[in-house]
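Me: Could you take a close look at the open sheet in this model for me? I would also be glad to hear about the pockets and a few individual residues.

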Amino acid sequence: MRKGRWTTGAIAVLMAAGSLAVAVPEASATDAVNATKASTTCPKGWGSLPKSATAGSQEPRPLTGIRTGRHDCYDRMVFDVPGSGSAPLAYHVAYVGVFRQDPSNRVIPVSGGAILEIRVSAPAYDPQTGHPTFPGRAGKVLPGVDLRGYRTFRDARFGSSYEGVSQVGLGVRARLPFRVLRLADRMVVDVAHTW
């Protein structure tokens, strides 16, 4: 008979009727992490070609925030546009060799192995008053966005807000698949960790 070593976390079940003891060793933390990874199924088929969509003739709503999040399969960037509601936002998202500010054509350096240029039909100002609604500054890191610890995202720079369109340069680790989702009051860009 092989002798095993039981941890303090082992569960002993004593059956009073037969005085039978059964010991069951506890699962390790590594086993739990591996089981979670094995059960995660990442979406496929996103591709890395440009993606765009048009919107109706409704006047654009202003951009109020840009935030990011980490997921098991991808990193996410969210553009908050309250009031856009059921009118989907127009956008154009594509990999570019160099990120150029619109309309000046000035090159804005963006770190990473590849650059996604994101254009969303939401100005960073109120179209009626001209007052800023998002504090992005041309060529600067997006305010409030900290990409430390992200698997795919490397850098995020504000380009411009010109003629109702806001522009962002997103530096990523490599030219990876991405998708764009238009939801009520926001637009989402997800970039996969792997192919």
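Reply: Happy to help; here is a walk through the sheet, followed by some single residues and the two pockets.

Please keep in mind that this is a predicted model. The sheet is built from five strands and is open, and reading across it you meet them in the order β3-β6-β7-β9-β8, with antiparallel pairing. At the edges stand β3 (51-53) and β8 (153-162); each has a single partner strand, so one side of each is left without a neighbour in the sheet. On average, neighbouring strands here are turned by 15° against each other, if direction is ignored.

Moving inward, have a look at β6 and β7. Strand β6 covers residues 91-96 and strand β7 residues 114-120, and six bridges join the two in the antiparallel sense. One position to find on screen is Tyr91, which has Val120 of β7 opposite.

Now go to the edge strand β8, where Ser160 has its place. Is Ser160 buried or exposed? With a relative accessible area of 8%, Ser160 is buried, because the cut-off for that class is under 20%. The side chain of Ser160 also has a polar atom 2.8 Å from the backbone oxygen of Asp102.

For another residue, turn to Ala184, in the loop that runs between β10 (178-183) and β11 (186-192). Ala184 has a relative accessibility of 46%, so this residue counts as partly exposed, the class between 20% and 50%. Along the chain, Ala184 and Pro88 are 96 residues apart, yet 7.4 Å separates their C-alpha atoms.

That leaves the pockets. The largest pocket has a volume of about 200 Å³. It is lined by 14 residues, and those closest to its centre are Cys42, Pro43, Lys44, Ala192 and Thr194. By character, the lining of the largest pocket consists of eight nonpolar, three polar and three charged residues.

The second largest pocket comes to about 170 Å³ in volume. Its lining has 15 residues, with Ala55, Gln58, Glu59, Pro60 and Ser121 closest to the centre. Here the lining of the second largest pocket splits into seven nonpolar, five polar and three charged residues.

How values were computed:
Residues numbered from 1 in each chain as written. Predicted model: local features only at pLDDT ≥ 70, side-chain atom pairs only at ≥ 80, totals over all residues. Heavy atoms only, no water. 1 Å grid on protein atoms, 1.4 Å probe; cavity = no way out; pocket = protein on both sides within 12 Å on 5 of 7 lines; lining within 4 Å. Points joined across faces, edges and corners; volume = space filled by probe spheres on them. Nonpolar A, V, L, I, M, F, W, Y, C, P; charged D, E, K, R; others polar. Pairing = 2+ DSSP bridges. Helix = DSSP H or I, 4+ residues; strand = E, 2+ residues; numbered from the N terminus. Axes fitted to C-alpha atoms, helices over the stretch in contact; angles between N-to-C directions. Buried < 20%, exposed > 50% of the residue type's maximum accessible area, 1.4 Å probe, protein only. Polar contact = N/O pair within 3.5 Å; in protein donor to acceptor, adjacent residues only side chain to side chain.
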